[in-house]
Amino acid sequence: MRITALAGGIGGSRFLRGLLRAAPDAEVTVIGNTADDIVLHGLHVSPDLDTVMYTLGGGIEESQGWGRSGETFAVAEELAAYGAEAQWFTLGDRDLATHLLRTQMLTAGYPLSAVTEALCDRWRPGVRLLPMTDDRVETHVVVPAGGDEDGAAEKAIHFQEWWVRLHAEVPARRIVLVGADRAKPAPGVLDAIAAADVILLPPSNPVVSIGPILAVPGVRDAVASAAAPVVGLSPIIGGSPVRGMADAALTAIGVPTTAAGVAELFADLLDGWLVDTVDADAVPAVEGAGVRCVAVPLWMTDVDAAAAMARAALDLAEEVRAR
Ligand code: FO1
């Protein structure tokens with residue numbers, strides 16, 4: 001069975017780990033979000049690709065869900081001693097090796113997709129990991145400027161500055177995917193969607209993780225017209241994000257922080273949608289939008305729980321395929 005998943009960082013990676021346990025013989029292709037990518041200290045950092053690679057390859061720092069395990073911070077301490085920005089984004093020594101190599105290969109002219117494949121040679125994540133595009137796409141967040149929340153003045157900042165430095169506490173007026181309109185899907189992306197037996201939308205942030213992948217011209221249409229059933233899992237449980245600050249991003253685009261609200265955002269693509277058992281009352285609304293909806297436990301407390309979610313998603317795919 002060929003499974004293609006669109007994934008962001010932590011939620012997507014933990015779900016994928018469960019998927020590999022639930023379907024050990026499947027050929028899994030992961031299309032990763034690269035709109036979180038940022039250049040720091042001259043180095044190209046791809047947080048979501050690295051989170052998938054480290055999580056599935058056994059190198060992730062489990063306690064935070066990103067970065068390397070067994071990390072040290074000598075370089076970050078030295079940079080701080082120089083007063084170098086951006087100190088709000090911590091790059092550990094082990095993690096830095098990944099960014100050094102990525103930047104070296106990009107500078108030599110390799111596309112991000114080839115670099116990602118080379119990095120995965122070491123980590124053997126058990127999936128084919130493709131960046132959504134080889135082109136530069138950056139999520140920027142438009143926030144009020146000058147301290148006046150209601151004032152007309154505004155500025156656009158990089159997603160990571162809003163997310164990590166400001167903890168998404170400053171209200172986002174708009175989210176802009178800079179470069180998305182000119183980006184091309186990376187090699188293999190459209191083929192992986194067209195050739196899939198099942199397409200999965202893991203419980204990743206719908207606005208800043210899944211949103212940018214679908215915004216790459218051609219990707220949303222490919223998912224909508226794919227022969228395979230498309231099944232998603234709600235990243236919202238009981239009106240709150242499972243992790244991260246997805247509510248702040250949903251509010252910015254005027255979507256309610258509910259399991260049904262997120263389903264509606266993807267309703268043109270979805271054949272099936274899983275909500276948590278506490279959101280069982282959302283099932284009729286989602287089914288009213290033409291999407292088969294089932295309530296199952298969606299807390300990824302451990303790999304077994306993630307595997308059970310993956311099994312439920314694959315079962316739902318089989319059910320809607322048979323219809
Ligand atoms: N998240 C933080 O909250 N603080 C950090 O200092 C930080 C550094 C970092 C370095 C490498 C990396 O791959 C991820 C990192 N993250 C950090 C996570 C990341 O900012 C976000 O969680 C994702 O981009 C959202 O998917």
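Me: How many bridges pair strand 10 with strand 13 (residues 272-275), and in which sense?
Reply: Strands here are DSSP runs of E with at least two residues, and helices are runs of H or I with at least four, numbered from the N terminus. Two strands pair if DSSP finds at least two bridges between them. Residues are numbered from 1 along each chain as its sequence is written, and this is a predicted model, where local features need pLDDT of at least 70, side-chain atom pairs count only at pLDDT 80 or more, and totals for chains, interfaces and linings use all residues. Strands 10 and 13 have 3 bridges, and the sense is parallel.

Me: Which residue of strand 13 is the bridge partner of Gly232?
Reply: Gly232 also has a partner on strand 9 (residues 198-201), namely Leu201. In strand 13, the partner of Gly232 is Trp273.

Me: Are the residues on both faces of strand 10 (residues 230-233) buried or exposed?
Reply: Buried means under 20% relative accessible area, exposed over 50%, and partly exposed in between (1.4 Å probe, protein chains only). Val230 and Gly232 cover one side, Val231 and Leu233 the other, and all are buried.

Me: How far apart are the closest N and O atoms of Arg102 and Asp50?
Reply: A salt bridge puts a side-chain nitrogen of Lys or Arg within 4 Å of a carboxyl oxygen of Asp or Glu; side-chain values use heavy atoms, leaving out hydrogens and water. Arg102 and Asp50 form one such pair, and both are buried. Their closest N and O atoms are 2.4 Å apart.
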